[in-house]
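Please look over the structure shown here. The briefing below deals with its pockets.

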Amino acid sequence: MIDYSQTVNRFTLLDAYPLPRIEDIAHTVAKDKYYSSLDLRSAHHQIPLQADEKAFTAFEALKRLYHYKRLPFGVTNRVSAFQRVKDDFIERHQLKKVHAYLDDLTVTATLEEHDQNLRALYDAAMSGGLTFNEEKSKIRLQTITLLGYQVSYNETKPDPERLGPR
């Protein structure tokens, strides 16, 4: 891993772009009956850097200079930038009932709406070059484990797998 603490991170203004509140997502998702959770493959590494930003990620290896083409781990505003890109993606493609939190996208609705919303997300992802980790993704469930909660229609409760022994 590259240590950016004495280079670009030292001179970067902090980005205050907020992550969504986990409780708000869980309670919003619980208003619907069907859920799909899609995991973005390689998460923030899918986000391309702008050409003028690549030089800031430069590092030396084997007496050669390299730079990243995609958002690297260790950059101060990586999490904020990643969330903003996903929020902008959802808005730009006018995706309905798609909720983003870090590398997870959750689709909700009634069965018919759910399938339409999921298809719209897949189509937008394909056109935008985003890929999903199919092994971690879960499609068309009526109960879903989401961000530390177990969610079903009109019900949110703590994920039992995360609760300690009694």
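What follows covers two pockets and one residue that lines the second of them.

This is a predicted model, in which local features need pLDDT of at least 70 and side-chain atom pairs count only at pLDDT 80 or more, while totals for chains, interfaces and linings use all residues. Residues are numbered from 1 along each chain as its sequence is written, and side-chain values use heavy atoms, with hydrogens and water left out.

**Largest pocket**
- The largest pocket (an open set of points on a 1 Å grid where a 1.4 Å probe fits, with protein on both sides within 12 Å along at least five of seven lines) has a volume of about 530 Å³.
- It is lined by 19 residues (lining means an atom within 4 Å of a point), and those closest to its centre are Leu49, Glu53, Leu71, Val75 and Ala81.

**Second largest pocket**
- The volume of the second largest pocket is about 280 Å³, where a volume is the space filled by probe spheres set on the points.
- Its lining includes Ser37, Asp39, Lys136, Lys138 and Asp159.
- Strands S1 (34–39) and S7 (143–146) each give two or more residues to this lining (strands are DSSP runs of E, at least two residues, numbered from the N terminus).
- S7 provides the largest share, three residues.

**Asp159**
- Asp159 lies in the segment after strand S9 (155–158).
- Asp159 is buried, with a relative accessible area of 6% (buried means under 20%, with a 1.4 Å probe and protein chains only).
- Not counting residues up to four places away in sequence, Asp159 touches Thr145, Gly148, Tyr149 and Gln150 (contact means heavy atoms within 4.5 Å).

Conventions:
Helices (H or I, at least four residues) and strands (E, at least two) are DSSP runs, numbered from the N terminus. Buried means under 20% relative accessible area, exposed over 50%, partly exposed in between (1.4 Å probe, protein chains only).
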